[in-house]
Amino acid sequence: MIAGLALAATGVAILVAGPRLANAAWTTQAPRLGILAWQALTFTAVAAFVLAGVTQLIPITTLADGLGAVFHACAASIASAYGSAEFLPGALMGTVLAGILPLWVLSCVARELVSGWRRRRELHRSIDLVAEPDHQLGVLVVDVAAPAAFCVPGRTSRIVVTTGTLTALADDELQGVLAHEAAHLRARHNLAVALSQALVRAFPRLRLFRTASAQTRQLIELLADDAAAEHVDRVSVASAIVSLAEMRAPAAAMAMAQEGAALRVSRLLEPATPMDPWRHRLLAGGLWAVLLTPVLIAGLPTLSAALSDLCNI
């Protein structure tokens, strides 16, 4: 019971305090670590409530006795719930948190991945009808006057630019744009976006998941900007973002200049001092602590029971 309350309190604390991470300046200093931080917070929030439900259904110490003991404990819990109205609310809550909640999250993840795949498939078909390959640049070119550049992830991933982009951008700017889009495809940033968006689909009213999704989109753009700045100078990347600021890309694509353009330009023109290695390691250790907290809360009674040989159901 104490473990269940501690796990629920952990989940609530993350839901309430987690969005404050958006105010942390270090996430733009180390965007990859920032993305991992948002993923750690959202995963831990869900895991804490699921494990809280598990502790409502079975005595957590039975986990030390193996799978058979767990099933036996579940059966005993259900029998107790039906035998006494006193235990029924707890059993129902445990069933919702440990059974329905993870199924709901997994179904939302599956729906998000499938819908994204369908949108990309339609976009690929549309591009095939109107685009021409530019073998020298390794991109597809659409004959449209408005400047635009985006990539379409997938098994046949593509980088697409318009003729307006080829006209409007200088050579270094164009190379920066292509390096930016290639970084998205190489790192499969679409998966991080899809997972964060799946949690928004699952819990649309919870601020933590909405903030995590928006921050993830912005931070992957910073990562791609950093990759582009390894190929051309930072001013050219910033100039390309400004030139493409008015562009509109299909929803299934990842576009060059649609997320946090002002922040990205200022960060490229006035780069922050690289994060000290010790601080990076400290923050990474903190993320591991966040991830392991629910497991430790749920696992300590099990470990204690196993060590003291008190695993009786």
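**Buried residues, cores and salt bridges**

Me: Is Cys151 buried or exposed?

Reply: This is a predicted model, in which local features need pLDDT of at least 70, side-chain atom pairs count only at pLDDT 80 or more, and totals for chains, interfaces and linings use all residues. Residues are numbered from 1 along each chain as its sequence is written, and side-chain values use heavy atoms, with hydrogens and water left out. Buried means under 20% relative accessible area, exposed means over 50%, and partly exposed lies in between, with a 1.4 Å probe and protein chains only. Cys151 has a relative accessibility of 0%, so this residue counts as buried.

Me: How many disulfides does a search of the whole structure find?

Reply: Cys108 is also buried, at 0% relative accessibility. A disulfide is taken as a pair of cysteine sulfur atoms within 2.5 Å, and when the whole structure is searched for such pairs, the number found is 0.

Me: Which helix gives the largest share of the largest nonpolar core?

Reply: A nonpolar core is a set of buried Ala, Val, Leu, Ile, Met, Phe, Trp, Tyr and Cys residues joined through side-chain atoms within 4.5 Å. The largest one holds 63 residues, and those with the most contacts inside it are Trp26, Ile127, Phe150 and Phe203. The largest share of this core, 9 residues, is supplied by residues 31–57, that is, by helix H3.

Me: In which helix does Thr10 lie, a residue that touches Ala48, Thr293 and Ile297?

Reply: Contact means heavy atoms within 4.5 Å, and the contacts of Thr10 with Ala48, Thr293 and Ile297 leave out residues up to four places away in sequence. Thr10 has a relative accessible area of 16%, so it is buried. Helices are DSSP runs (H or I, at least four residues), strands likewise (E, at least two), numbered from the N terminus, and Thr10 falls in the run of residues 2–17, helix H1.

Me: How many residues apart in sequence are the parts tied together by Asp128 and Arg158?

Reply: A salt bridge is a side-chain nitrogen of Lys or Arg within 4 Å of a carboxyl oxygen of Asp or Glu, and the closest N and O atoms of Asp128 and Arg158 are 2.6 Å apart. Asp128 lies in helix H5 and Arg158 in strand E4, so the distance in sequence between the parts that they tie together is 30 residues.

Me: Which residues are linked with Arg264 in a network of salt bridges?

Reply: Arg264 meets Asp225 at 2.7 Å, N to O, and both of these residues are buried. For Arg264 and Glu221, the closest N and O atoms are 3.8 Å apart. The network therefore links Arg264, in helix H11, which ties to helix H9, with Glu221 and Asp225.
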